[in-house]
Amino acid sequence: MNALAARRRHPAAIALLLFLGLALVGATYSLFAPKPAQAAVATADKVADGKALFQANCATCHGISAEGTKSGPTLIGVGAAAVDFQVGTGRMPLSAPNVQAPRIEQVKYSQEQIEAMGAFVASLAPGPAVPDKATVEAEGDVALGGELFRVNCSMCHNFAGSGGALTRGKYAPALYGVEAKHIYEAMITGPQSMPVFDDKNIDAKGKASIISYLKTVETQPNVGGMNLGNMGPVSEGLFIWIFGLALMIGTAYWLGQKAA
Amino acid sequence: MSTASSARAADLRAGDPKSSAPASASAKKAGAVASWVDERTGIAKGASFMLKKVFPDHWSFMLGEVAMYSMIICLLTGVFLSLWFIPSAGQIPYEGSYLPLKGITMSEAYSSTLGISFDVRGGLLIRQIHHWAALMFVVSLSVHMFRVFFTGAFRKPREINWVIGTMLSMLALIEGFAGYSLPDDLLSGTGLRAAEGFIRSVPIVGSYVSYMMFGGAFPGEAIIPRLYAVHVLLLPAVLIGLFTAHIILVMVHKHTQYSGPGRTNENVVGFPLMPVYTAKAGGFFFLVFGLLSLISALVTINPIWAYGPYDPSPVTAGSQPDWYMGFADGALRLLPGWLEFELFGFTLSLNVFLGAVLLIPVMYTITGAYPFLERWITGDNREHHILDRPRNVPTRTALGVAAITSYLVLMFAAGNDIIAIRLQMSINDITRAFQVLFFVAPILTFWVSRRICLSLQRHDRDKVLHGRESGTLVRTPDGQYYEVHEELNEFDRWKLVGFESPAPLALPSGKDANGVASKDAKKELRRAKWSKFFFTSRVEPVTPAELAAAHHHGEHEAIETPAGAGAHAIKQAKHD
């Protein structure tokens, strides 16, 4: 204990104490943090289940029969694909009113529940269905996908899919870490500010190619080194002003201190 | 060590007849070569003038060197790149090794840049060094300009060199933009498309100039070879010419130095070029080269393969120019749309023209004219080789800070979309905020920085008069307490008192000695007003008399060092 007491004025003591405090707070929080509720649905009638789930969780904004209210659009005719995208990426249920529903890693419902709600919404009026696995994961042409992406998507999502700003706080999100299925669904349903790209605009092969391109961009090694977030010249300028200039001035200063 | 012993040896043999030590074989050879060259070129005189040149030592004097070295690195790496780059807009299918673009139709310029990046050994590294060095060039020359401005190094006799530096800075932007546009990737093509729009916004001649530059409608096939000629031939030649003149003028004027004991307007205190600065500066070149190579090896710049080939239809989000063109882009983003209107049936796109075209020459004209404006206001015709501390010229410093502030507002406005998405804010609000800041921020920073300068000066004054608070409390025998103020030593004190603080010009009567109205009355009045603006807020340096009075007044404040001697030294120096 004496050894510890002797070091209590050590320069690192405050940093260590802060670290310990933070670690303690973090650990305590993780013990007491609320856990997401888990409830399995095991009924055969998906539409009825979906209706029940919908009325319990979505009707406040979207209306009791999905006709839409002032706070939420109608869901008649949006199809199961829209439900799968919005709920499957955590955008719905909306946690707070905002300019745009953000993607949330923690999805609130199980895949069965999402499918049930999708079945209910699809039963209201015909709309785009959830694409099957074969369509989504079809082998695409990466080069073609890149060209299609640049022509159709990059003006909002940026050349590398890192996302871009839209008006009044809305934005086109980054496309990294998004399931192929969800990218496909976004193209056929046009969520939020995004336009719909139906099969007449970009056919199934084209869509699969875009997905292949995005996955290639995401997984390919950064040949040039750190990519600074793929944000274009702004991050490069910031880097050279902060790190480049600091390095040069530091070196000049160090050299100036050297005896002649 | 060796000089001391050799000096002693020389003393001992002072009476001996002179005999030079036999030169070593290599020295003889070097001497022979030197005299061979000298006999044919007469270079010895110039070389000895150069090599004996004395430079003062300070890190801020090396910012210009960083710029110079970055430019040299750009030249060296540029030669390498030019061996493979094909400046042609001819369309070919890509057959190189980057798979995500395989078979895509693209220009030869883009294809060859991909080739440099993926198929030439070390090509990507050299490309990245070239680009990072270009960014560093403009960064360091800007910071070098800040140093020259805030220390008043542009004053007589260096006004011409300031103008040359301003021109170098402007040409560096154009050179950089030409290089940015060459690879013909989506980003550079978008930049060119924007540039075409800017040119067309010039009233009356815009569309003709654009047609001439692009050899017809955009994009055409002419622009890339033309830009290439500008980028590798025309502008480098002009840059090197101006840069040489810049350096020669530094040699002619001698380098400025910070104020200090023994440093006067007539001398330069420092080390000679040979051997000290050849070693230091030579070493510094390799350090700069090494650091830029390190950055280039670790951090991607301009990943052209990710942008894809240029095609006039797509524009990617996050399309920005390199940082040094950002201020013009930002001005463009801030200008309101109602500045475009029709006049006599012709559309005037002032919303584009003012920011993207007019701003650059206006900014550089003001910058280049500043030394002349300041000289007109101060009426100071003397030569200055001792630098000002920025705080000692509060109004100039504040003007500089205000100018940099407006520049920064414009530059950050160019990244409004990136700021919006990274900080999750509304781009409309950000743009509006920048529009307001462009007018408000410079005024605020002007005022704040002038106040800061003045308070720093007052603090200096206080320190000179009363010394440094040592934190030691002393109790006198009669029970009084006081804090010991440690007196500054002469060297430190010199730095705090060795400046001038001229009073503003008196308002002229407007009449000459005979009471006749003077012809220049208006001009003089205007000048007096400016002088008032420039010099009204000021703090005078401590005079030797004040110092002596302070010492006399508060004798217990100072630990007894030869204070009188210090004051005397200052007085003497001030009468020099």
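**Exercise 1. Find the burial class of F344(B) and place the residue in its chain.**

Solution. Start with accessibility. F344(B) has a relative accessible area of 77% and is therefore exposed. The cut-offs are under 20% for buried, over 50% for exposed, and partly exposed in between, with a 1.4 Å probe and protein chains only. Next, locate the residue. F344(B) sits in the loop between strand 6 (340–343) and strand 7 (346–349) of chain B. Helices (H or I, at least four residues) and strands (E, at least two) are DSSP runs, numbered from the N terminus. Last, check the backbone. Phi of F344(B) is positive, about 50 degrees, although the residue is not a glycine.

A note on the source. This is a predicted model: local features need pLDDT of at least 70, side-chain atom pairs count only at pLDDT 80 or more, and totals for chains, interfaces and linings use all residues. Residues are numbered from 1 along each chain as its sequence is written, chains are lettered from A and ligands numbered from 1 in the order in which they are written, and side-chain values use heavy atoms, with hydrogens and water left out.

**Exercise 2. Do the same for N158(A): give its phi, its loop and its burial class.**

Solution. Phi of N158(A) is near 75 degrees, a positive value in a residue other than glycine. The loop runs between helix 9 (154–157) and strand 1 (164–165) of chain A. Relative accessibility is 1%, so N158(A) counts as buried.

**Exercise 3. Locate two cis peptide bonds in chain B.**

Solution. Take K156(B) to P157(B): this bond is cis, with omega near 10 degrees. P157(B) lies in the loop between helix 6 and helix 7 (159–181) of chain B. Now take F218(B) to P219(B): this bond is cis too, with omega near -10 degrees. P219(B) belongs to the loop between helix 9 (206–214) and helix 10 of chain B.

**Exercise 4. Describe the surroundings of T256(B).**

Solution. Begin with the position. T256(B) falls in the loop between helix 10 (223–253) and strand 4 (257–258) of chain B. Its relative accessible area is 4%, so T256(B) is buried. Then list the contacts (heavy atoms within 4.5 Å). Leaving aside neighbours within four places in sequence, T256(B) is in contact with P56(B), F61(B), R147(B), A153(B), R158(B), H385(B) and L387(B). Finally, take one C-alpha distance: T256(B) and V268(B) are 12 residues apart in sequence and 7.4 Å apart in space.

**Exercise 5. Which residues have the most contacts inside the largest nonpolar core?**

Solution. Define the core: a set of buried Ala, Val, Leu, Ile, Met, Phe, Trp, Tyr and Cys residues joined through side-chain atoms within 4.5 Å. The largest has 113 residues, and L101(B), L114(B), W132(B), M136(B), F284(B), L292(B) and W323(B) have the most contacts inside it. Helix 6 (residues 123–150) of chain B supplies the largest share of this core, 16 residues. Apart from this core lies another, of 19 residues, including L148(A), I183(A), I202(A) and Y213(A). Zoom in on L101(B). Not counting residues up to four places away in sequence, L101(B) touches residues of both chains, among them A143(A), R150(A), L114(B) and W305(B). For background, nonpolar side chains tend to be buried together in soluble globular proteins.

**Exercise 6. What lines the second largest cavity?**

Solution. A cavity is a set of points on a 1 Å grid over the protein atoms alone where a 1.4 Å probe fits but cannot get out; lining residues have an atom within 4 Å of a point. The search finds 4 cavities of 30 Å³ or more. The second largest holds about 50 Å³, a volume being the space filled by probe spheres set on the points, which are joined across faces, edges and corners. R389(B), N392(B), Q457(B), D460(B), R461(B), L496(B), F499(B), E540(B), P541(B) and V542(B) line this cavity. By class, that is 4 nonpolar, 2 polar and 4 charged residues. Ala, Val, Leu, Ile, Met, Phe, Trp, Tyr, Cys and Pro count as nonpolar, Asp, Glu, Lys and Arg as charged, and the others, Gly among them, as polar. Helix 17 (residues 427–466) of chain B gives the most to the lining, with 3 residues.

**Exercise 7. How are the domains of chain A placed?**

Solution. Domain bounds come from an automatic or database domain assignment. Chain A has domain 1 (46–124) and domain 2 (133–219). Their C-alpha centres are 22 Å apart. The contact takes 15 residues from domain 1 of chain A and 17 residues from domain 2 of chain A.

Definitions and conventions
1 Å grid on protein atoms, 1.4 Å probe; cavity = no way out; pocket = protein on both sides within 12 Å on 5 of 7 lines; lining within 4 Å.
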